[in-house]
Amino acid sequence: MGFSIDNIRAQFPFINQNNPLVYFDNAATTQKPQNVLDTIKDYYYLQNSNIHRGVHKTSQLATDLFEDSRQSTANFINAAHSHEIIFTSGTTASINLLSHCLSLFTLKKGDEVLVSQMEHHSNIVPWQLACEQKGAIIKVIPFNKKGELCHDQLDTLLSEKTKIVAINHASNSLGTINNIKMIASKVHAVGGVLVVDGAQAAPHIKIDVRDMDCDFYCFSAHKMYGPTGVGVLYGKENWLEKMPPYQGGGEMIKDVSFKKTTFAELPHKYEAGTPNIAGVIGFKKALDFISSIGYSEIEQHEQLLLDYAEKELEKLGCVFYGRSNKRVSLLSFLFEKTHHYDFGVILDNLNIAVRTGHHCTQPVMGFYGIPGTVRASFAVYNTIEEIDFFITACIKAKKMLAE
Amino acid sequence: MKNIEKIQKEIINEFALFDNWSDKYEYLIELGKSVPVVLEKEKTEDNLIKGCQSRVWLVAGFKDGKVIYRADSDAIITKGLVGLFLRVFSNQPPREIIGADNSFIDKIGFKEHLSQTRANGLVLMLKQITLYAIAFNAKENL
């Protein structure tokens, strides 16, 4: 069966309940298809039990479903083992886990951590905290005016002092897709470890962690048609084995005594406490949804939307931020003499949901010398007709605000 | 001299004339253009109220028992709303300002601009307006 936008849209209750809302805030969170919602409801109706260790039937069932999601996630990103998948509450939690555990393990005074200038604050602040504690130094990999990472600067910054490099696969405010495979080989050449924030890439492009050869890859379920409160931390087995545990509690222990506690095997070592069982089980259905369409179809459709929106906005004379050759389906823009907040308010009144502001990337805004942008971000269920509606609204907003 | 309540009623009546959102916003944007200005040199960190979405500057003075406010914002819709608050609260005795409600903003259909998610600096500005009034009130009663 070919790509059918009607078939896709029919699977999203939010879209069908909120007509005529045009939802272009997908980089913040996507809507959820019926199968994800049904699975979460079914879990609470039929299977709700705490996982692992329960000998009773529903606990077994819930555990199987939970572990099934882990295996599906591992297959989805081509991880070598399912125990390389750690479930967290989101990308931010995954990165915080890493900044804590990895820095305990590898960072010492004078070491360097490289982050790019186009990171979300979630991939800056945890590393700043870690570096402060350890007396290590943060170094910033800049980007150019087009919003592309300066690879020559990366080469200069990398040295034997570099212990960790944290970088996004796709930027949430510029859309830029970074070449992780190339970066990984460079980082590994100096003996560093590469942490990738994949929150904005996973919804749009096929992720193959073994092909890219990154050491860690973090992403969120809710940005890829799954529930909120579920994040993934992929880590290479040897790193996950070597790092110390994160939070202490149930599930993550082997034996506890006041003399000595030993920790559970992977992946449970990093999953203290009762996880978001319903969410993790629901997440598998989001992965199924993506697989049922296929990334090549998703990419093709989203690029069509991106190209069309960009072309139409350009006709209106707006300024774009982020013009890399390879981008995910989002546009950051401003019209001259308009403020992003005003623009967002007018679009909201015209039933269009976009995001405005600095998008938690103040260094990016600082680079361009602006307080923020308007960001329209597209998902697989968006349409050309919606972009037409959006363009008409932009014309109206521009007229009200700048004329 | 009109009191706070009377001015609020006046504003509600003005906005009642509009039957669609875009005329209402155009009027609001127009109102923003006549807000008593904050000079460039007064746009300091101290006078800045940082919203996540838009920035507001607020300065206050005290004359003949009344608080005089001036304000500015980088967003024109925010500035229009700032203008409405100034029309209500500026040139009033501090004691009146301290206890005043601002339900008029709800009645003219701009309540969402005071919500948490907007983070446009207006909620903090209202707090700052009250704080100035409290300070001038205390000073007057010394």
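Reader: What makes S1 and S2 of chain B a pair?
Author: Two strands pair if DSSP finds at least two bridges between them. S1(B) is joined to strand S2 (residues 55-63) of chain B by 3 bridges, so the criterion is met. The two strands run antiparallel, and B:Leu48 stands opposite B:Trp57 in S2(B). This is a predicted model, in which local features need pLDDT of at least 70 and side-chain atom pairs count only at pLDDT 80 or more, while totals for chains, interfaces and linings use all residues. Residues are numbered from 1 along each chain as its sequence is written, and chains are lettered from A and ligands numbered from 1 in the order in which they are written.

Reader: Which strands of chain B are called edge strands, and why?
Author: The open sheet has 3 strands in the order S1-S2-S3, with antiparallel pairing. Strand S1 (48-50) and strand S3 (66-73) of chain B each pair on one side only, which makes them the edges. From one strand to the next, the twist averages 30°.

Reader: What counts as a helix or a strand in chain B, and how many are there?
Author: Both are DSSP runs numbered from the N terminus: helices are H or I with at least four residues, strands E with at least two. Chain B comes to 6 helices and 3 strands, in the order α-α-β-β-β-α-α-α-α from the N terminus on.

Reader: How do you know whether H5(A) and H6(A) are roughly parallel or antiparallel?
Author: Angles run from 0 to 180 degrees between N-to-C directions, the axes being lines fitted to C-alpha atoms, for helices over the stretch in contact. Under 35 degrees counts as roughly parallel, over 145 as roughly antiparallel, 65 to 115 as roughly perpendicular and the rest as oblique. Helix H5 (residues 91-106) and helix H6 (residues 125-134) of chain A pack at about 20°, with their axes 9 Å apart; H5(A) and H6(A) are therefore roughly parallel.

Reader: Which residues of H1(B) and H3(B) are in contact?
Author: Contact requires C-beta atoms, placed from the backbone, within 7 Å. B:Ile4, B:Ile7, B:Gln8 and B:Ile11 in H1(B) meet B:Leu84, B:Arg87, B:Val88 and B:Phe89 in H3(B). Helix H1 (residues 4-16) of chain B and H3(B) pack at about 145°, with their axes 8 Å apart.

Reader: Why does the radius of gyration of chain B agree with a compact globule?
Author: The radius is taken over C-alpha atoms, and the globule rule is 2.2 Å times the number of residues to the power 0.38. For 142 residues that puts a compact globule near 14 Å; chain B has 15 Å, so the two agree.

How values were computed: Contact = placed C-beta atoms within 7 Å.
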